[in-house]
Amino acid sequence: MKEKDSMSILDYETVALDENDNSVVIIDQTKLPGKTEMIKLHTAQEIWDAIYLLKVRGAPAIGVAAAMGIYVLARKIVWPIGQSGTVEMDFTDFYEKFAEQKDYLNSARPTAVNLSWALNRMDRVCRQAHKDGRTVEEIVEILGREAREIKEEDIRVCRAIGENGLSLVKPGDGILTHCNAGQLATCKYGTATAPIYLGQERGYGFKVFADETRPLLQGARLTAYELYSAGVDVTLICDNMSAMVMKNGWINAVFVGCDRVAANGDVANKIGTSVVAAVAKRYGVPFYVCAPTSTIDLNTATGEEIQIEQRPAEEVTQMWYREPMAPEGIKVFNPAFDVTDHELVTAIVTEHGIARAPFGDSLAALCKK
């Protein structure tokens, strides 16, 4: 379905729940910026594909989509033919099917910890409701409330990250960002862009430089698009231009999002982030990572333990071209993420405060909040 053309991309909900249709509704981000298309996800396969194929992307948005998705699938277990067609089953039968669907969705993308975080949270709620003596039908309704709360929580968290991040910059600053950690990666505000949006509301007049972010161009297609739609002064640059704009003195801070933070402060984010961090270190530009505490994985000691997703070669050789732009049969290395060493990170901005080195102590303290 297509909305009226006068709407800004910021007027759309990145992830929503249609309970009348029992579906998850998302913006198909693979079509942006040329076309704003809302699609409905009804089945486990459709939800899995949407996450894997980056129709919904960004760690927080993936978590919300997963929570809403497992709720939609739970409803289908109990009401496979609609609200009037309830299947009689005990909790053991229900939970066996629920866990199977949860594990399937969790396999879509391994690096973004919010995917497993949201699914595990829904699983805990499910099991706790059973312990509390709730019926299967009541458990499904409780899962729905939890999915909606995860979304509302994401909005509150992103705004808090924005407030904390805004304290690190001043009006008129130049800000560099990589990939898309904006509203399209969350339910509102974004993480790395939250300080930018709040600053825009308060007349800070930031000058933002957005890396195009090869090979999937999330910076060009998504970040530049949404910031431009919001009236932000944004300039698009190729990834390999970041050193020049920093050397020119145009950048006062780097803000990036992330998909997983290890206990020691190592950060997994979109491929190329570690290059930006190294360049920022060279030119004395502070490098800030914006992350909800749900993205902090204290069970992962260092970045070396983070599984890095490998993507298809076609994303590099031909995805954005009329004809392939590399020799047929050429070997391609296409990791979706890289790990930025904690020594290159100035601070990690969360909803509960700002963590600085030593990150082992500061991150653990923030997570306790």
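A good place to start is a salt bridge between E13 and K151, whose closest N and O atoms are 2.3 Å apart. Keep in mind as you look that this is a predicted model. E13 lies in the segment before β1 (15–18) and K151 belongs to helix α5 (residues 136–166), so this pair ties together parts that are 138 residues apart in sequence. The two partners are covered to unlike degrees: E13 is partly exposed, with a relative accessible area of 45%, whereas K151 counts as buried at 9% relative accessibility.

How many salt bridges are there in the structure? The count comes to 20. Another to look up is the one between R260 and D297, where the closest N and O atoms are 2.6 Å apart. Here R260 sits in strand β8 (residues 260–262) and D297 in strand β11 (residues 296–297), so the pair ties together parts that are 37 residues apart in sequence. Are these two residues buried or exposed? Both R260 and D297 are buried.

Salt bridges can also share partners, and in this way D28, K31, K35 and E37 are joined into one network. Within that network you can pick out the bridge from E37 to K35, with 3.3 Å between the closest N and O atoms. E37 counts as buried at 18% relative accessibility, because the limit for buried is under 20%. K35, at 41%, counts as partly exposed.

Let us turn from charged pairs to rings. The structure holds 9 aromatic pairs. One of them is formed by Y204 and F206, with 5.4 Å from centre to centre and 55 degrees between the planes, which makes the pair tilted. Y204 is partly exposed, with a relative accessible area of 22%, while F206 counts as buried at 3%. Elsewhere, F91, F94, Y95 and F98 form one aromatic cluster.

Rings and charges also meet in this model. The charged end of K270 sits over the ring of F337, 4.7 Å from the ring centre. In a similar arrangement, R282 lies over the face of Y283, at 5.0 Å from the centre of that ring.

Next, the cysteines. How many disulfides does the structure hold? The number is 0. As a reminder, a disulfide is a covalent bond between the sulfur atoms of two cysteines. Why is C158 in no disulfide? The nearest cysteine sulfur, that of C187, is 7.6 Å away, and a disulfide needs the two sulfur atoms within 2.5 Å, so C158 and C187 do not qualify. C158 is buried, at 1% relative accessibility. C126 is buried as well, with a relative accessible area of 0%.

Finally, come out to the surface. Which residues make a nonpolar patch there? M319, W320, Y321 and M325 do, and the patch covers about 410 Å². One of these residues, M319, is placed in the loop between α10 (314–317) and β12 (337–340). M319 is partly exposed, with a relative accessible area of 43%. That value fits its place in the patch, because patches are made of residues with over 30% relative accessible area.

Technical notes. Residues are numbered from 1 along each chain as its sequence is written. This is a predicted model: local features need pLDDT of at least 70, side-chain atom pairs count only at pLDDT 80 or more; totals for chains, interfaces and linings use all residues. Side-chain values use heavy atoms; hydrogens and water are left out. Patches are made of residues with over 30% relative accessible area and no salt bridge: like charges are joined within 9 Å, nonpolar side chains (Val, Leu, Ile, Met, Phe, Trp, Tyr) within 5 Å. Accessible areas come from the Shrake-Rupley method with a 1.4 Å probe; for residues, only the protein chains shown count as cover. A salt bridge is a side-chain nitrogen of Lys or Arg within 4 Å of a carboxyl oxygen of Asp or Glu. Helices (H or I, at least four residues) and strands (E, at least two) are DSSP runs, numbered from the N terminus. Buried means under 20% relative accessible area, exposed over 50%, partly exposed in between (1.4 Å probe, protein chains only). Rings of Phe, Tyr and Trp (its six-membered ring) pair if their centres lie within 6.5 Å; planes under 30 degrees apart count as stacked, over 60 as edge-to-face and the rest as tilted. A charge sits over a ring if NZ of Lys or CZ of Arg is within 6 Å of the ring centre and within 35 degrees of the ring normal.
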